[in-house]
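Here is a short note to read with the structure open beside you. Take the points in order and find each place on the model as you go.

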Amino acid sequence: MIKETRLLFEALTQGSSAEEIVSMAQKELFNNPVLITNSFFRVIAMSSDIDFFDPVWENAKLYGRMSKEHNEVFSTDPASVRLFEQGSSFLYDTGLGAEIPRILGKIQIKNKTMGYIVIFQVNNPLTERDVKVSDLVCQALSVILTSTDNISFLSPSEALSRKDSAIVKPDKATDERAP
């Protein structure tokens with residue numbers, strides 16, 4: 001994991017944005033679509049080089065957030081306890097991840113949750129190594145997300161016009177804890 005650590009360290013020391021880290025992770029680390037949200041499940045950045053259908057991805061792309069229905073389904077899944085109470089990434093292949101397995105991870109700093117990462121198994125099978133690399137990406141993103149100066153946002157319509165990656169601006173009027 002020396003290569004991955006070096007890439008992330010270089011990205012941090014060059015002042016990369018959350019969008020740039022997500023794009024780099026998607027292209028150079030996982031070769032699979034990557035999505036990050038804030039702690040309220042609003043999309044911060046997403047990157048994919050392939051069109052695919054997954055209801056969670058589609059909702060994020062269209063509305064800039066996880067849907068209330070998906071959150072309710074996930075909250076009844078035992079994996080939700082693992083995501084919300086543990087700090088490390090894991091492979092999720094039940095419930096919402098049954099058709100397209102994914103890695104879920106928590107982005108946190110000093111036990112404060114900054115957001116979540118989702119890496120979708122679309123181009124390549126996800127491995128235990130990818131789970132460990134996801135933890136490294138979460139650590140790098142935690143540094144960036146502690147400073148809102150490093151986060152730029154796009155509206156959902158601007159996000160839709162970008163195939164490769166997008167950052168979506170939260171709608172303050174509808175920013176709820178459980179969307």
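1. Start at a loop. Asn111 sits in the loop that joins β4 (102–109) to β5 (112–120). Keep in mind that this is a predicted model. The phi angle of Asn111 is near 60 degrees, a positive value, and Asn111 is not a glycine. That deserves a look, because most residues other than glycine have a negative phi. Is Asn111 buried or exposed? Asn111 counts as exposed, because its relative accessibility is 74% and the cut-off for exposed is over 50%.

2. Now find a second positive phi. Phe41 is not a glycine either, yet its phi is about 65 degrees. Phe41 is also a loop residue, placed between β1 (34–38) and β2 (43–47). Its surroundings need a separate check. Phe41 has a relative accessible area of 12%, so it is buried, the limit being under 20%. Set the two side by side: Phe41 is buried, whereas Asn111 is exposed.

3. Step back to the whole chain. How many helices and strands does the protein have? There are 7 helices and 6 strands. Their order along the sequence is α-α-β-β-α-α-α-β-β-β-α-α-β. Trace that pattern on the model once before going on.

4. Next, the overall figures. The protein has 179 residues, and 50% of them are buried. Its accessible surface is about 8900 Å². Carbon and sulfur atoms hold 53% of that surface. Now take the contacts with a separation of 6 or more: 55% of them join residues 24 or more positions apart.

5. Look at the first helix pair. Helix α1 covers residues 2–13, and helix α2 covers residues 18–30. Their axes lie 11 Å apart, and the helices pack at an angle of about 155 degrees. An angle over 145 degrees counts as roughly antiparallel, so α1 is roughly antiparallel to α2. The crossing of α1 and α2 is right-handed. Which residues make the contact? From α1 come Lys3, Glu4, Leu7, Leu8 and Ala11. From α2 come Ile21, Met24, Glu28 and Leu29. By class, this contact of α1 with α2 has 6 nonpolar residues, no polar ones and 3 charged ones.

6. Helix α1 has another partner. Helix α6 spans residues 128–145, and its axis comes within 10 Å of the axis of α1. The two cross at roughly 15 degrees. Angles under 35 degrees count as roughly parallel, so α1 is roughly parallel to α6. This crossing of α1 and α6 is right-handed. On the α1 side, the contact uses Glu4, Thr5, Leu8 and Leu12. On the α6 side, it uses Arg129, Val133, Leu136, Val137, Ala140, Val143 and Ile144. The contact of α1 with α6 divides into 8 nonpolar, 1 polar and 2 charged residues.

7. Zoom in on Glu4. This residue lies in helix α1. Is Glu4 buried or exposed? Glu4 counts as buried, because its relative accessibility is 10% and the limit is under 20%. Leave out residues up to four places away in sequence, and Glu4 touches Leu29, Arg129, Val133 and Leu136. Leu29 is one of the α2 residues in the contact with α1. Arg129, Val133 and Leu136 are among the α6 residues that meet α1. The C-alpha atoms of Glu4 and Ser134 are separated by 9.9 Å, and the two residues are 130 apart along the chain.

8. Finish with Ala25. Ala25 belongs to helix α2. Its relative accessibility is 0%, so Ala25 counts as buried. Which residues does Ala25 contact, leaving aside neighbours within four places in sequence? They are Phe30, Asn31, Val34 and Val137. Val137 also appears among the α6 residues that meet α1. Between the C-alpha atoms of Ala25 and Ser134 there are 8.8 Å, with their positions 109 residues apart along the chain counted as their separation.

Key
Residues are numbered from 1 along each chain as its sequence is written. This is a predicted model: local features need pLDDT of at least 70, side-chain atom pairs count only at pLDDT 80 or more; totals for chains, interfaces and linings use all residues. Side-chain values use heavy atoms; hydrogens and water are left out. Axes are lines fitted to C-alpha atoms, for helices over the stretch in contact, and angles run from 0 to 180 degrees between N-to-C directions. Helices (H or I, at least four residues) and strands (E, at least two) are DSSP runs, numbered from the N terminus. Angles under 35 degrees count as roughly parallel, over 145 as roughly antiparallel, 65 to 115 as roughly perpendicular and the rest as oblique. A crossing is left-handed if the near helix is turned anticlockwise from the far one by less than a right angle, and right-handed if clockwise. Contact means heavy atoms within 4.5 Å. Ala, Val, Leu, Ile, Met, Phe, Trp, Tyr, Cys and Pro count as nonpolar, Asp, Glu, Lys and Arg as charged, and the others, Gly among them, as polar. Buried means under 20% relative accessible area, exposed over 50%, partly exposed in between (1.4 Å probe, protein chains only). Accessible areas come from the Shrake-Rupley method with a 1.4 Å probe; for residues, only the protein chains shown count as cover.
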